[in-house]
Amino acid sequence: MGVLVLIGVVIWVLLNLLGTRPEAAVTTPSATATPGPLPRDANSKDFQVGDCFADFDPNASEARAVACDTEHSAQLIGVHVYPGDDSFPGTNALRDKGREVCKTAVAKLTEAADNYVLLQQNVYPSPTSWDRGDRRVDCFIVVDSGNTIKEDLLQK
């Protein structure tokens with residue numbers, strides 16, 4: 001059991017080190033849910049807490065949003081948006097903010113989350129995307145074994 005936890009922590013740390021947002025120009029998230037029927041392709045700037053994604057790639061600027069009761073590989077569980085006039089806080093500060101966002105959001109998972117081997121994935125701005133207006137720090141829960149989550153794991 002301890003070895004599995006250690007492996008999970010190592011994978012989580014590695015994903016956090018690699019989890020910077022691509023260089024695409026983005027804006028802050030809107031207050032409404034991602035519009036349109038599911039499934040649909042969604043831009044990362046439009047992702048909303050609770051959205052579920054098939055074949056999720058944290059480095060892509062778009063993802064396939066699907067209904068959470070269908071097979072998916074990731075769910076957005078937390079978002080922090082820095083004010084538009086803030087200066088770039090640095091990669092370490094963004095990584096720390098991502099961990100904080102995930103820690104708060106993981107507490108809001110349903111008991112069904114125990115049915116899956118989940119990893120946390122943070123996505124945060126690079127210095128270049130920050131200069132283009134990206135102020136989001138996103139926390140996703142993901143599985144590394146394909147589209148195996150079959151339910152909404154976030155309490156409403």
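**Figure 1. How β2 meets β4 in the predicted model.** Two strands pair if DSSP finds at least two bridges between them. In this predicted model, β2 and β4 are joined by 2 bridges, so they count as a pair, and they run antiparallel. Look for Cys52, which stands opposite Gln75 in β4. β2 takes in residues 52–54, while β4 spans 74–81.

**Figure 2. The whole sheet, strand by strand.** Six strands line up here as an open sheet in the order β1-β3-β2-β4-β6-β5, and the pairing is antiparallel. At the edges sit β1 (40–43) and β5 (119–123), each of which pairs on one side only. Leaving direction aside, neighbouring strands are turned by 40° against each other on average. What holds such strands together? Strands of a sheet pair through backbone hydrogen bonds.

**Figure 3. From β1 through β3 to β2.** Zooming in on one end of the order, we find β1 and β3 running antiparallel, with 4 bridges between them. Arg40 has Ala65 of β3 as its bridge partner. β3 (62–66) also pairs with β2, again in the antiparallel sense, this time over 3 bridges. For that pair, find Ala54 and its bridge partner in β3, Arg64.

**Figure 4. A cis peptide bond ahead of β1.** Which residues does the cis peptide bond join? They are Leu38 and Pro39, and omega is about -5°. Pro39 belongs to the loop that links α1 (2–18) to β1.

**Figure 5. The other end of the order: β4, β6 and β5.** β4 and β6 pair over 7 bridges in the antiparallel sense. One spot to check is Val81, whose bridge partner in β6 is Arg136. β6 covers residues 136–142, and it pairs with β5 over 5 bridges, antiparallel once more. On that side, Gln121 has Phe140 of β6 as its bridge partner.

**Figure 6. Helix α2 laid across three strands.** Bring α2 (residues 91–106) into view and you'll see it lying across β4, β5 and β6. The helix runs at about 120° to β4.

**Figure 7. Asn147 and the company it keeps.** Asn147 comes in the segment after β6. Where does its side chain go? It reaches the backbone nitrogen of Ser73 at 3.2 Å, and it also joins the side chain of Asp55 through a polar contact of 2.8 Å. Asn147 and Ser73 are 74 residues apart along the chain, yet their C-alpha atoms are separated by 4.4 Å. Leaving out residues up to four places away in sequence, Asn147 touches Phe53, Ala54, Asp55, Glu71, His72 and Ser73. Two of these names have turned up in other panels: Ala54 is the bridge partner of Arg64, and Asp55 gets its own close-up next.

**Figure 8. Asp55, with a positive phi.** Asp55 lies in the loop between β2 and β3. Its phi is near 50°, a positive value in a residue other than glycine. The polar contact from the previous panel shows up here from the other end: the Asp55 side chain is joined to that of Asn147 at 2.8 Å.

**Figure 9. Inside the second largest pocket.** How many residues line this pocket? The count is 11, and Phe56, Pro58, Val142, Val143 and Asp144 lie nearest the centre. Val142 is a residue you've already met as part of β6, which covers 136–142. The lining splits into 6 nonpolar, 3 polar and 2 charged residues. As for volume, the pocket has about 170 Å³.

How values were computed: Residues are numbered from 1 along each chain as its sequence is written. This is a predicted model: local features need pLDDT of at least 70, side-chain atom pairs count only at pLDDT 80 or more; totals for chains, interfaces and linings use all residues. Side-chain values use heavy atoms; hydrogens and water are left out. Axes are lines fitted to C-alpha atoms, for helices over the stretch in contact, and angles run from 0 to 180 degrees between N-to-C directions. Contact means heavy atoms within 4.5 Å. A polar contact is a pair of N or O atoms within 3.5 Å; within protein, one must be able to donate a hydrogen and the other to accept it, and residues adjacent in sequence count only if both atoms are side-chain atoms. On a 1 Å grid over the protein atoms alone, a cavity is a set of points where a 1.4 Å probe fits but cannot get out, and a pocket is an open set with protein on both sides within 12 Å along at least five of seven lines; lining residues have an atom within 4 Å of a point. Grid points are joined across faces, edges and corners, and a volume is the space filled by probe spheres set on the points. Ala, Val, Leu, Ile, Met, Phe, Trp, Tyr, Cys and Pro count as nonpolar, Asp, Glu, Lys and Arg as charged, and the others, Gly among them, as polar.
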